[in-house]
Amino acid sequence: MVLLPPLAIPLFGAGFIFFFRDQRAAARVALVLEALEIVALGAVVWQVHVHGALEQGRYLRADGLSSFFLMGIAFISGLVLVYASGYFRHMGEGRFSSPRWFYALVFLFLFTMISVCLSANLGFMWIMMEGTTLASALLVGFYNTEGAVEAGWKYLIVCTVGIAFALFGTIVLYLAAVKAGMSSAAALDLASLMNAAPHIGLDPHLLKLAFVFVIVGYGTKIGFVPMHSWLPDAHAEAPTPISALLSAVLLNCAMYALMRYDSIISRAIGPGFSHSLLLLFGTMSMVVAGLLILVQRNLKRLMAYSSIEHMGIIAIGLGLGGPLGLFGALLHTFNHSVAKSLLFFSAGNVRHNLDTLRMDSISGISRTMPQTSAALLVGSLAIVGLPPFSLFISEFAILSEAFTQARYLVAIVFLVVLSVVFGGFAHHLFRMLGGEPGRRIENSKLIPSEYIAMGIAALCLLVFGARVPRFFGVLLREAIAVLR
Amino acid sequence: MNLVGIATGKVLSSFSVFLFLTILLLAVARRISTSILLFSLQSAVIAAEVLATAFQQKLPEAYVVGILVLLIKVIAIPSAFFVLTRRLKTVRDVKASTTPTQSVFIVAAMIYLSYGAVHSYGQAVHVPDDALAAAVSLILTGAFLMVSRKKALMQMLGLLVLENGIFLAALITTFGMPLVIEIGIFFDILIGLLLMGIFAFRISDTFEHLDVSRMRRLRG
């Protein structure tokens with residue numbers, strides 16, 4: 001029964017919050033709902049830790065890997081909702097851009113993402129994955145400006161087509177499983193597939209075909225190059241809390257789905273094929289996004305390309321496999337989410353105070369907006385992987401796995417891209433922080449909700465950089481155990 | 001008495017040809033309304049195929065799926081499209097970036113390509129090559145329509161054709177997925193189209209046209 005509340009709260013919450021027209025009331029209700037949701041997700045994580053995998057009916061299941069990702073969702077969505085509660089003071093009223101629409105869609109979006117992580121069935125997982133696109137498309141187009149409408153349309157079309165390919169891949173996998181003698185009810189079931197995996201590898205062609213379609217399909221959602229075209233637009237045009245949710249939660253959910261397929265296919269036909277594809281897409285994403293970071297002009301698009309780069313890093317970690325590779329990849333999903341939320345929050349503050357995100361017209365903000373600038377600096381230092389921040393640890397783990405396996409080409413590409421990205425971020429950042437302030441800002445002080453969200457994120461980056469907390473390490477080990 | 005049996009056999013042996021016909025006609029169609037009708041026709045062929053399979057294999061679940069296809073893809077979605085075209089007062093031309101002759105050649109090449117692609121898989125899964133090739137060429141044509149037609153509505157239609165292909169592939173290789181999943185997928189498509197409709201309105205509101213190729217503010 002413990003698996004139902006985390007789904008019921010956001011689903012019914014989305015309907016409930018619709019009755020609150022007032023912005024303050026809606027924000028308060030949203031915070032209460034989110035607090036309940038965090039408790040419900042915490043209960044799932046705890047139960048999985050104590051009892052092992054939990055099942056509920058035929059379509060819901062939670063194991064170590066799901067609970068690791070659920071914890072990430074709970075943490076980041078909490079930060080985002082706290083930040084969002086102060087965000088609406090900047091926004092005007094519109095027919096479909098009222099706070100209640102915003103919150104209702106956010107909770108639906110959360111519902112679909114949590115369902116992805118809780119699904120026991122690949123078909124159900126696909127339905128919910130498509131649901132994430134549907135729930136967030138209107139949020140991407142929320143501002144209703146030319147850019148937002150264009151980004152929303154592109155997002156909807158590109159991701160729907162992409163995910164259609166994932167459906168095809170799922171069908172091919174189903175076909176291979178049925179051909180190998182599994183019953184049609186079990187052939188989409190994650191746990192049964194994992195158990196039966198060694199026996200469905202008789203026809204490797206079908207399984208390879210399945211994985212190619214799945215990696216292209218879910219890879220579109222993850223933002224792998226060359227299927228990434230929707231990502232920078234959607235991240236840049238969406239309201240800031242949504243950019244953070246997209247980058248820090250949605251991409252991880254898609255990565256989670258891909259991990260599930262990867263573990264089934266590598267168990268069936270050996271890791272060679274799927275892991276090479278992961279390495280290929282990972283390296284491509286890292287290199288292309290790393291180079292594009294250099295030429296960005298818009299602050300949020302810079303963050304978006306950095307997300308693509310980090311998804312590449314995670315894919316490389318998964319593709320390398322091995323104890324350190326998996327450890328690094330999983331830890332990096334979490335670390336990247338925290339750092340990217342902090343960066344998007346600060347970018348949002350910059351936009352509100354300066355009414356622009358064009359980096360060439362932002363200068364001298366370290367004097368006009370000291371607090372936001374500090375957050376931006378901490379986030380950027382963390383995201384480029386400098387110690388003492390947490391991303392250093394996960395990137396270092398992946399890199400040492402590459403050296404352990406003597407994959408020098410991967411290691412060199414990895415290091416070169418990281419240094420290019422470092423240069424790019426330093427170049428953009430110091431131009432914005434330093435220089436003469438462009439215009440005076442009346443009140444640049446952070447309000448408490450922003451303070452809390454950004455403070456927690458920054459603190460988390462530092463703490464995880466010093467040492468991965470004990471409970472987190474335990475959960476991480478349980479998640480890795482599921483994958484191996 | 002065995003008329004149904006004969007009809008079933010005919011449907012199963014000839015539906016691929018009809019599907020090829022619909023995609024070739026889609027390639028030459030110049031008007032949005034013609035394309036919508038062709039999509040409806042294509043879905044009707046698929047619905048007939050589902051019902052024929054249901055009858056032949058005695059699968060009660062497949063009847064439900066067949067009727068869903070009939071209701072949603074043959075009737076509901078095309079009518080919604082017609083309402084949308086009328087309400088949006090858009091020009092009726094599909095605004096193709098290739099001439100009809102080029103399009104026919106491209107689609108024909110795709111059909112040829114599909115036969116080549118499925119050749120090695122057809123025998124492995126005990127499915128006639130024609131059916132599998134029809135499914136793959138629907139997917140390819142759908143993608144082709146999406147990239148070569150500039151109207152937002154035609155992109156939605158291309159997506160539907162692509163989805164028809166995937167649906168057909170699932171059907172002929174596995175006799176369909178479990179019913180609950182199948183219904184979930186239908187539901188997703190419906191919501192997706194609804195949202196695309198909302199966006200089509202917003203595009204025509206904010207840009208005063210529906211030409212997707214002219215939305216190019218976001219680059220790089």
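This is a short guided tour of a predicted model with chains A and B, moving from whole chains to single residues.

**Stop 1: chain A as a whole**

Start by selecting chain A and showing it as a cartoon. You should be able to find 19 helices and two strands. Turn the chain slowly: along its principal axes, the C-alpha trace spans about 70 × 55 × 45 Å. A compact globule of 484 residues would have a radius of gyration near 23 Å, and the 21 Å of chain A agrees with that. If you like to colour by burial, expect 61% of the 484 residues of chain A to count as buried. Now think about which parts of the chain touch each other. Among contacts in chain A with a separation of 6 or more, 81% are between residues 24 or more positions apart.

**Stop 2: chain B as a whole**

Hide chain A for a moment and select chain B. How many helices and strands does chain B have? The count is seven helices and zero strands, so from the N terminus on, the elements read α-α-α-α-α-α-α. The radius of gyration of chain B is 18 Å, close to the 17 Å that the globule rule gives for 220 residues, so chain B is as compact as a globular protein of that length. A box of roughly 55 × 35 × 35 Å, taken along the principal axes, is filled by the C-alpha atoms of chain B. Of the 220 residues here, 48% count as buried. For contacts in chain B between residues at least 6 apart in sequence, 69% join residues at least 24 apart.

**Stop 3: where the two chains meet**

Bring chain A back and look at the two chains together. On one side are 35 residues of chain A, in contact with 31 residues of chain B. Select helix H5 (122-140) and helix H6 (146-179) of chain A: each supplies at least two residues of the side that touches chain B. Which helix gives the largest share of that side? That is H6(A), with 19 residues. Colour the side of chain A that touches chain B by class, and you get 21 nonpolar, eight polar and six charged residues.

**Stop 4: the turn between H5 and H6**

While H5 and H6 of chain A are on screen, select Asn144(A), which sits in the loop between them. Asn144(A) has a positive phi of about 60°, although it is not a glycine. Is Asn144(A) buried, exposed or partly exposed? With 16 C-beta neighbours inside 10 Å, Asn144(A) counts as partly exposed.

Chain B has a residue to visit next. Select Lys58(B), in the loop between helix H2 (32-57) and helix H3 (60-88) of chain B. Phi of Lys58(B) is near 55°, again a positive value in a residue other than glycine. Lys58(B) is exposed, with 9 other C-beta atoms within 10 Å.

**Stop 5: a pair of packed helices**

Two packed helices are described by the angle between their axes and the distance between the axes. Select helix H1 (residues 5-16) and helix H4 (residues 99-118) of chain A, whose axes come within 8 Å and cross at roughly 160°. That makes H1(A) roughly antiparallel to H4(A). The crossing of the two is left-handed. Show the side chains where they meet: H1(A) brings residues including Pro6(A), Leu7(A) and Pro10(A), while H4(A) brings residues including Phe107(A), Phe111(A) and Ile114(A). By class, this contact has twelve nonpolar, two polar and no charged residues.

**Stop 6: two cis peptide bonds**

Go to the loop between helix H8 (204-222) and helix H9 (230-237) of chain A and pick out Pro226(A). The peptide bond from Val225(A) to Pro226(A) is cis, with omega near 5°. Then move to Pro388(A), in the loop between helix H15 (370-383) and helix H16 (390-404) of chain A. Here the bond from Pro387(A) to Pro388(A) is cis, with omega near 10°.

**Stop 7: a long-range neighbour**

Finish at Glu478(A), in helix H19 (residues 470-483) of chain A. Measure from its C-alpha atom to that of Gly64(A): the separation is 5.0 Å, yet these residues are 414 apart along the chain. Leaving aside neighbours within four places in sequence, Glu478(A) is in contact with His49(A) and Gly64(A). Glu478(A) is partly exposed, with 18 other C-beta atoms within 10 Å.

Technical notes
Residues are numbered from 1 along each chain as its sequence is written. Chains are lettered from A and ligands numbered from 1 in the order in which they are written. This is a predicted model: local features need pLDDT of at least 70, side-chain atom pairs count only at pLDDT 80 or more; totals for chains, interfaces and linings use all residues. Axes are lines fitted to C-alpha atoms, for helices over the stretch in contact, and angles run from 0 to 180 degrees between N-to-C directions. Helices (H or I, at least four residues) and strands (E, at least two) are DSSP runs, numbered from the N terminus. Angles under 35 degrees count as roughly parallel, over 145 as roughly antiparallel, 65 to 115 as roughly perpendicular and the rest as oblique. A crossing is left-handed if the near helix is turned anticlockwise from the far one by less than a right angle, and right-handed if clockwise. Two residues are in contact if their C-beta atoms, placed from the backbone, lie within 7 Å. Ala, Val, Leu, Ile, Met, Phe, Trp, Tyr, Cys and Pro count as nonpolar, Asp, Glu, Lys and Arg as charged, and the others, Gly among them, as polar. The radius of gyration is taken over C-alpha atoms; the globule rule is 2.2 Å times the number of residues to the power 0.38. A residue is buried if 20 or more other C-beta atoms lie within 10 Å of its own, exposed if 12 or fewer, and partly exposed in between; C-beta atoms are placed from the backbone.
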